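Q: Hello! I am new to this structure and would like a close look at a single part of it.

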Amino acid sequence: MSSPDDLSFFLHGGDYNPDQWLDRPDILEADLKMMKKAHVNCVSLGIFAWSALEKQDGEYDFGWLGDIVDRLYENGIYTDLATPSGARPAWMAEKYPTVLRTDEQGRRRLFGERHNHCLTSPDYRRKVREMDMKLSERFGSHPGVIMWHIGNEFSGDCFCPLCAAAFRQWLKNKYGTVEDLNRRWWTSFWSQRYSSFDEIDPPSPRGEMSNPSMRLDWRRFSTDQCASFIRNEKEAIRTHCPDKPVTVNMMWSFWDYDYSVLAKEVDLISWDCYPRLRAGNYLTEMAEACMNHDYMRSLKGRPFLLMESSPSKVNWHSVNQLKRPGMQLTTSLLSVFCGSDSVMYFQWRKGRGGSEAFHGAVVGHDGRDDTRVFRDVVLTGEALERISALKKQPMEKPKALIVLDQQSRWASSFVQTGLRDHMDPVEAVRDHYRALFKMGIRADVRDSDADLTDYSLVVLPETFMFRDGFAQRLREYVNGGGKLLVTCFTGIVDGDDLCHLGGTPHGLTDVLGVRDPDLDALYPGEENSMVFPDGRAFPIREICEYPEEVTAGECLAVYGRDFYGGTPAFTENAFGKGLAWYLAGRTDEKGLDAVYARVAAKADLKRSLDEPLPEGVVAVRRGDMALVCNLGGEKRELELSVPRTDLLSCHTSKTFALKSGACLVLDVSAEKEGTGEEEKCTR
Ligand code: GAL
């Protein structure tokens, strides 16, 4: 029996929907031939196939699926078998209305669309359980099935009476007494005090939306409902399939649920990556994509799977560009070098109808295998085979940690201060990540529960919430020699979303030498600046913190104007054996480059490739290979200090030309340095 971990190669394939083509055996036959040509070795099957698997209540038909799983396996292609819970048939909505979701206005949805089931409905959980047990019985021991794909992109909330009752029970379990809830939700404000759990409704625009502690608990509750929904499916799968890994496909900077909770329910992390590519400058978007890859890798501290990506364009961004030459390979390999053990696509073949008929696919409506997209996919498959040695190499743990804490993110979104619509820290996390990414420094991206001990640098970009114990762990970390960079809007509330008393950033005022920053916000178009003693000045926009007091340390840069002009904007303080920096405002890319020039040097962080890289060119290392890609808009020359081999072209040189969007994979194993040996090139 195989699971993706046992395989010595990377998975390559994607979502396959033969259920849309059951009346076209010729097409299914052609698919097999073309999959082999495209170096496909795995497909995700049955994701939205419920109406083909159970045509009426209890009338199951798994025959077609069995034939396809068999045929794929005979052709060397594994199946990632999905449970169909991401969408359900019309008969089910008709017969069991509670399966449908209710919106926050209390309106039950009509049948239609997908990803819209009630997370609590006993009817839906029962139907899902029955389906999954049958799938598990039929396919659990099939040698072609290597993993399970539960549902699809779980998202959203349901506000039906069943969910409201479950929320009340969840609150009872958490707080025990309503007095405790009143205290921790600060309900003495606006006469919100409850005398019984039964009086509490889910947050709603028709009711309570202004209590941030309540909204935070609702998000935690929804996450827990989703986790128990997944558990229900996993237990059903386990009835006949005790050992194959299960996954759920996650999403880009996802807001609705806390993935660190869902991660515990699955064996493998997987996610769907759809960057908004725009020819000319890919750096910011791909830095954000890689930040998400690293977030996914950090969830379990091990490789993840890229479950979906488009081999050409998507159909749901506001502008859907084709991938420019080179970008299919580059985006795919970036995911692998950040820790993916797969490159999978949405979708193998374009359907003739439905809302995704014009979404990119490996095979288009012409059904041909001599298209530009198909050739790009072949090239990617070949590249994955060429670098497959990486699959079994251990991944080095990064020495930098950037904190992206979902609970803190939620609290930042509910807060009423500063900028009304712009307090989500994800952009700050992306910008700090990008500064390290450009230097070739690998980073973990995870929440504030992370163990800090092994890091040389910890960054807190706008980490609004400090839950119990976090400040103490940060103090110990810096005291013991760690380096800490703290930005504005950090360490302000506790895990209940109540403000910390006695000075902020909570627990760190002496570590940073900064006390009680007050938050100033700038109007669009307004700017302050961060001015260094040598005259370099960088803009500060949107948010400026003005510390009440700077008690210790060195001022590295000051604000350029306004009533706080000349006061500290960037400081450094020695604490114990470590160092702590405080960055008071949101600066731009160049401003962060200046900050990180100092921070990365002091934190002694290793780069993926110790060579000067031209502007827009980045390097990401995995094992003994480094991916070098040009994410800028212009052609660049890479000049190395020693000759190295590009394992994709088998070309050894000290100089390489990289067109915009192009990449190469350098052999950086120490023993090979400078020798130009080529035995890894097997072309
Ligand atoms: C994903 C989804 C797929 C498909 C794809 C299109 O979010 O899981 O089913 O809709 O987007 O980009």
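Which residues surround the ligand?

A: Happy to walk you through it. Please keep in mind that this is a predicted model. The ligand is surrounded by Phe48, Arg114, Asn152, Glu153, Asp272, Tyr274, Glu308, Trp316, Phe346, Glu356 and His359. Sorted by class, this shell holds five charged residues, four nonpolar ones and two polar ones.

Let us look at some of these neighbours one by one. Glu356 places a polar side-chain atom 2.3 Å from an oxygen atom of the ligand. For His359, an N or O atom of the side chain is 2.6 Å from a ligand oxygen. Asn152 also takes part, with a polar side-chain atom 2.9 Å from an oxygen atom of the ligand. As for how much of the ligand is covered, its accessible area on its own is 310 Å², and the protein covers 94% of that.

Another member of the shell, Phe346, deserves a second look for its backbone. The peptide bond from Phe346 to Gln347 is cis, with omega near 15°. In general, most peptide bonds are trans. Gln347 itself sits in the loop between β11, residues 342-345, and α12.

From that loop we can follow the chain to helix α12, which spans residues 372-386 and packs with helix α11, residues 327-338. Their axes come within 9 Å and cross at roughly 35°, and the crossing is right-handed. On the α11 side, the contact is made by Gln328, Leu329, Ser332, Leu333 and Val336. On the α12 side, the partners are Asp376, Leu379, Thr380, Ala383 and Leu384. The residues of this contact divide into six nonpolar, three polar and one charged.

Two other backbone details can round off your tour. A second place to look for a cis peptide bond is between Thr504 and Pro505, where omega is about -5°. Pro505 lies in the loop between β15, residues 483-487, and α16, residues 509-512. Then there is Ser191, a residue other than glycine whose phi is positive, near 60°. You will find Ser191 in the loop between α7, residues 178-184, and α8.

To come back to your question, the ligand has a shell of charged, nonpolar and polar residues. Among them, Asn152, Glu356 and His359 each bring a polar side-chain atom to within a few ångströms of a ligand oxygen, at the distances given above.

How values were computed. Residues are numbered from 1 along each chain as its sequence is written. This is a predicted model: local features need pLDDT of at least 70, side-chain atom pairs count only at pLDDT 80 or more; totals for chains, interfaces and linings use all residues. Side-chain values use heavy atoms; hydrogens and water are left out. A residue is near a molecule or strand if one of its heavy atoms lies within 4 Å of it. A polar contact is a pair of N or O atoms within 3.5 Å; within protein, one must be able to donate a hydrogen and the other to accept it, and residues adjacent in sequence count only if both atoms are side-chain atoms. Accessible areas come from the Shrake-Rupley method with a 1.4 Å probe; for residues, only the protein chains shown count as cover. Ala, Val, Leu, Ile, Met, Phe, Trp, Tyr, Cys and Pro count as nonpolar, Asp, Glu, Lys and Arg as charged, and the others, Gly among them, as polar. Axes are lines fitted to C-alpha atoms, for helices over the stretch in contact, and angles run from 0 to 180 degrees between N-to-C directions. Helices (H or I, at least four residues) and strands (E, at least two) are DSSP runs, numbered from the N terminus. A crossing is left-handed if the near helix is turned anticlockwise from the far one by less than a right angle, and right-handed if clockwise. Contact means heavy atoms within 4.5 Å.
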